[in-house]
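Student: I would like to go through some labels given to parts of this model and ask what each one rests on. Where should we start?

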Amino acid sequence: MWPDLIRKAKDGGLDVIQTYVFWNGHEPVQGQYYFEDRYDLVKFIKLVQQAGLYVNLRIGPYVCAEWNFGGFPVWLKYVPGISFRTDNEPFKWAMQNFTQKIVGMMKSENLFQWQGGPIIISQIENEFGPLEWDQGAPAKAYAAWAAKMALDLDTGIPWIMCKEDDAPDPIINTWNGFYVDDFSPNKPYKPSMWTEVWTAWFTGFGGPVPYRPVEDVAFAIAQFIQKGGSYFNYYMYHGGTNFGRTAGGPFIATSYDYDAPIDEYGLLREPKWGHLKDLHKAIKFCEPALASGDPIRTSLGSNQESHVFRSDSGDCAAFLANYDTQHFIKVAFNGMHYDLPPWSVSILPDCKTTVFNTARVGVQTSLMKMDSVGEFSWVSYNEDTTSYDDNSFTADGLLEQINVTRDATDYLWYTTNFDIDEGEQFLQSGQYPVLTAMSAGHSLHVFINGQLAGTACGSLENPKLTYTGDVKLRSGSNKISLLSASVGLPNVGEHFETWNAGVLGPVTLNGLNEGRRDLTWQKWSYQIGLKGEDLKLHSLTGSSSVEWGQASQDQPLTWYKSLFNAPDGNEPLALDMNSMGKGQIWVNGQNVGRYWPGYKAFGTCNPCDYRGRYNETKCQTNCGEASQRWYHVPRSWLNPTGNLLVVLEESGGDPTGISLVKRSIGSACADVSEWQPSMRNWHTKDYERSRVHLHCSPGQKMTKIKFASFGTPNGVCGSFSEGNCHAHESYDPFEKNCIGQESCAVTINSDNFGGDPCPGTMKRIAVEAVCE
Ligand code: GAL
C-alpha cells in the first residue's frame with residue numbers, strides 16, 4: 001500500500017512524511033534484527049524520496065503510539081537490572097545500541113539529507129518532559145544523556161524532542177496536541193514545530209469511535225501558522241491497522257483509523273483530506289510573506305484578531321481569526337469588511353482576498369459503504385481444553401502472566417483441581433458456591449470441569465477485573481481452568497515495564513460447608529497459549545494437521561476455517577465480524593489482528609459541532625454498538641483463488657454471520673456557498689465563481705442525483721432537505737454533467753439552476769449523487 005498512500009499524501013499537499021521506528025518490530029529477539037516486509041524501513045524511506053517528499057524519522061525508540069509496549073521489545077524487560085526510561089545503565093546501553101543501529105543504517109544507505117537522501121529531521125525519545133516533572137533528578141539525567149547520545153551520532157540534520165521543554169541546544173523542542181496554545185520553543189532561534197497535530201483520537205475496545213471535524217483541525221493549524229508556526233505533521237495522516245498483536249494497550253483496537261485524512265483502508269476521507277489540501281495550498285500562497293518575519297497581531301473586536309506578515313519586498317499575508325463560538329462577526333481590515341464565520345480563520349495571501357476560511361468547506365463529503373461480496377462456508381475445530389502437553393508445568397500459587405508467556409501469545413491457562421466432599425450442603429440445596437477470581441487483566445474465561453462458566457474483562461480505564469459467579473461443582477474431584485488473555489501491553493504511563501497481567505488472585509470459593517476456601521496458594525498448572533496456536537492452525541500446513549468438523553455455533557474456543565477467492569475490482573476489503581465475540585483472524589497465515597465486536601462501546605455520543613474547543617471525547621460514534629465491527633484485509637495478502645481464512649473465537653459467536661465486504665463511496669455530497677472563497681485561480685488573479693466538484697471511487701459511476709437544491713437547503717449529506725428557497729431546476733446541471741461519470745463539476749450560478757430563486761439572499765447548493 002505504501003506507494004499509493006505516499007502519493008495521496010503528496011497530492012494532499014504534504015511535504016514531509018513522519019514515521020516512528022518500531023524497536024520491537026525490528027529487534028524481536030535481542031540481537032536478531034528484522035527489516036523485511038512491513039518492517040522494511042529503508043524501502044519505505046526510499047519510496048518517500050522517490051515521490052519527492054522529505055522524512056522526519058522519529059526513532060524514539062520509545063514511541064508510545066498505541067503500539068504494543070510502546071515499541072519496546074518484551075525481552076528488554078528481562079535484561080537484568082533494567083529500569084525503563086531513566087538513568088539506568090542496562091536501559092541506556094540497549095537504547096543506544098538500537099538508535100546507533102538505525103542511524104548507521106540510514107547513513108550507509110545515504111538517506112540523510114546531506115547525503116542526497118530525504119531525512120531532514122529525527123526524533124529521540126518521545127514526550128519525556130512530563131516524566132521529568134514527576135521523577136526529578138534521575139529522569140533529568142536520562143534526558144540529558146539521551147540528547148547527548150543522539151547528538152554524538154552525528155547525523156548532520158537537526159534532532160527534535162517532542163514535549164521536552166528543556167531539550168538542550170541544538171535539539172529543538174516541539175509540540176504535540178489538539179491545539180498549540182502557549183507553546184514556544186525554548187530558545188528564540190529555534191523554529192516553532194508541531195510534531196503531532198491530532199486529527200482525532202484512537203479507538204479502544206469497549207470505547208466509542210472518536211472523530212474530529214476538519215473545520216476544527218484546520219482552525220487549529222491556521223492559528224498555529226498565524227502565530228509564526230513553521231512546521232506541522234499530522235498524527236495521524238494515515239493511521240491504518242495495527243495488524244497481528246501489535247496494538248498496544250491494554251484494549252487498543254486493531255483499527256488505528258484515527259479519523260485520519262487517509263482512512264484505515266487507504267481511501268481519501270472527505271471532506272477531511274480535501275479541506276486540508278486547500279488549507280495547505282492557502283498557507284503556501286502566503287509563503288513569501290510568512291518566511292520573512294514575525295507577525296503583527298492586531299485586535300479586530302472582542303474576540304477577533306488579525307495577524308499580518310510582511311516582507312521587505314512588499315509581500316503581505318493576513319490571517320483573520322474569529323474565536324466566537326456562536327456568531328458570524330463582521331470585521332474591518334485593511335479598508336475592507338470581512339464576514340468571519342464562528343470559530344474560524346480566514347487566509348488572505350495578499351492581505352485582501354480571502355482564499356480560504358477554515359470553517360467553509362468547499363470540497364465533497366463522501367459517505368462510504370461496505371458492500372457484502374459473500375459469506376463463507378466453515379469447518380470447525382474445537383480447542384481441546386482437557387489435556388495439556390509439553391509446555392505445561394505446575395507451580396505453587398499464581399504467576400504473573402507476561403513473565404510466563406513473554407508475550408509470545410495472548411493466552412495463559414491457569415488450572416487447579418480440588419475435591420468436593422459428598423457432605424457439602426449445596427449438593428442438596430442447589431445453591432452453588434460462588435467463585436471469585438481477581439486478575440490484573442485483561443480478560444478472563446472461566447471453565448469448570450471443561451464447561452465455560454463465564455467471562456469477565458477489564459476496560460481501557462482499568463485493565464483489572466474480578467470474576468464472580470456461581471459454579472456448578474460436583475462431589476469428588478473438580479477442575480477450575482482460567483483462561484487469561486492479554487489484549488495488548490501498555491504503551492503509556494510510568495515504568496510500565498512493571499505492570500502486571502493475569503490472575504494474581506485471590507481466587508476463592510464461597511458457600512461451602514467450611515465457608516470460604518482459598519485456592520490462591522494451592523498447586524496450579526500452567527499452559528502457555530492455545531493448542532491451536534501450537535499446531536499453527538492459522539497456517540496452510542498447520543491447518544491440515546487436524547481433522548476439521550462441521551461448524552457448530554456458540555462453542556467457546558473454536559477454530560473456524562474457510563477458503564475464499566479474491567473478489568474482483570480494486571476496492572479495499574474487510575471482514576464484517578459483527579456476529580462474533582472475541583478472538584483473532586488470519587488470512588493466508590497473516591494475522592489480521594484481534595477482533596472483539598462483542599465488546600460494545602460504552603460512552604456518550606452526542607451530535608458534534610465543530611465550533612468550540614475539541615477534546616477526545618467531544619465527538620464520538622458507535623455508542624452501544626461494537627467498538628470495531630470491520631477488520632481490514634489488505635488485497636496484497638490475497639491470491640486470486642483459494643485463500644485460507646482462519647478465525648479463532650474465544651467465547652461463542654455465529655460464524656455464518658461473517659462476510660467479506662468491499663469499501664467504496666456510496667454517496668458523493670457537497671454543500672457549498674455561492675461565494676465560497678476559491679483559490680483555484682489565485683496565481684492568475686482570475687477569480688471564478690465557486691464550482692462543485694464530485695467524484696466517485698475509481699471505476700464507479702454516478703447513477704442518480706438523490707438530492708440537489710440551490711437556495712437555502714437544510715440537513716447534512718445523506719439527509720438533505722429543501723429549505724424555503726429552492727431553484728426549480730436544481731437537479732438539471734447535475735443530471736446533465738454527472739450521470740454516467742466517475743467525476744464531474746458544476747458552476748454555482750443562478751442561470752445554471754433556472755434563475756435566482758430568492759434575490760438578495762445568500763444561497764448554497766447542496767447535492768448528493770449516488771455512486772455505484
Ligand atoms: C501522543 C504520543 C503518540 C500517541 C498519541 C495518542 O502523546 O506521542 O505516540 O500515543 O499521544 O494517540
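Tutor: Start with a definition: contact means heavy atoms within 4.5 Å. Keep in mind that this is a predicted model.

Student: With that cut-off, what is S673 in contact with, leaving aside its neighbours within four places in sequence?

Tutor: The partners of S673 are R360, S690, I748, M762, K763 and R764. S673 itself is found in strand β36, residues 659–673.

Student: Why is S673 called buried?

Tutor: Buried means under 20% relative accessible area. S673 has a relative accessible area of 9%, so S673 is buried.

Student: Is N88 buried or exposed?

Tutor: The relative accessibility of N88 is 11%, and the cut-off for buried is under 20%, so N88 counts as buried. N88 lies in the loop between β2 (54–60) and α4. Not counting residues up to four places away in sequence, N88 touches G81, I82 and S83. The C-alpha atoms of N88 and G755 are separated by 76 Å, and these residues are 667 apart along the chain.

Student: What makes C623 partly exposed?

Tutor: Partly exposed covers what is neither under 20% nor over 50%. C623 has a relative accessible area of 25%, so C623 is partly exposed.

Student: Where is C623 found, and what is it in contact with?

Tutor: C623 sits in the loop between β33 (620–621) and β34 (630–633). Leaving aside neighbours within four places in sequence, C623 is in contact with P208, A601, G603, T604 and C605. From the C-alpha atom of C623 to that of G52, 571 residues apart along the chain, the separation is 42 Å.

Student: Turning to helix pairs, why is α4 called roughly parallel to α6?

Tutor: The axes of helix α4 (residues 89–108) and helix α6 (residues 137–152) come within 11 Å and cross at roughly 25°. Angles under 35 degrees count as roughly parallel, so α4 is roughly parallel to α6. The crossing of α4 and α6 is right-handed.

Student: Which residues make that contact of α4 with α6?

Tutor: From α4 they are F91, K92, M95, Q96 and T99, and from α6 they are Y142, W145, A146 and M149. Six of these contact residues are nonpolar, two are polar and one is charged.

Student: What makes α1 oblique to α3?

Tutor: The axes of α1 and helix α3 (residues 41–50) come within 10 Å and cross at roughly 40°. Under 35 degrees would be roughly parallel and 65 to 115 roughly perpendicular, so the crossing angle makes α1 oblique to α3. The crossing of α1 and α3 is right-handed. In this contact, W2, P3 and I6 in α1 meet K43, F44, L47 and V48 in α3. These residues divide into six nonpolar, no polar and one charged.

Student: How do you know that α8 is largely enclosed by the rest of the structure?

Tutor: Eleven of the 14 residues of α8 are buried, so α8 is largely enclosed. Among the buried residues are W273, L276, L279, I283 and F285, and also K272 and D278. What covers the buried residues of α8 includes α1 (2–11), α7 (214–226) and β8 (231–235). The cover also includes α9 (287–290), β14 (344–348) and β15 (356–357).

Student: How does the span of α8 compare with the expected value?

Tutor: Helix α8 (residues 272–285) reaches 20 Å from its first C-alpha to its last, close to the 20 Å expected at 1.5 Å a residue.

Notes
Residues numbered from 1 in each chain as written. Predicted model: local features only at pLDDT ≥ 70, side-chain atom pairs only at ≥ 80, totals over all residues. Heavy atoms only, no water. Axes fitted to C-alpha atoms, helices over the stretch in contact; angles between N-to-C directions. Helix = DSSP H or I, 4+ residues; strand = E, 2+ residues; numbered from the N terminus. Parallel < 35°, antiparallel > 145°, perpendicular 65-115°, else oblique. Left-handed = near helix turned anticlockwise from the far one by under 90°. Nonpolar A, V, L, I, M, F, W, Y, C, P; charged D, E, K, R; others polar. Expected span 1.5 Å × (residues − 1). Buried < 20%, exposed > 50% of the residue type's maximum accessible area, 1.4 Å probe, protein only.
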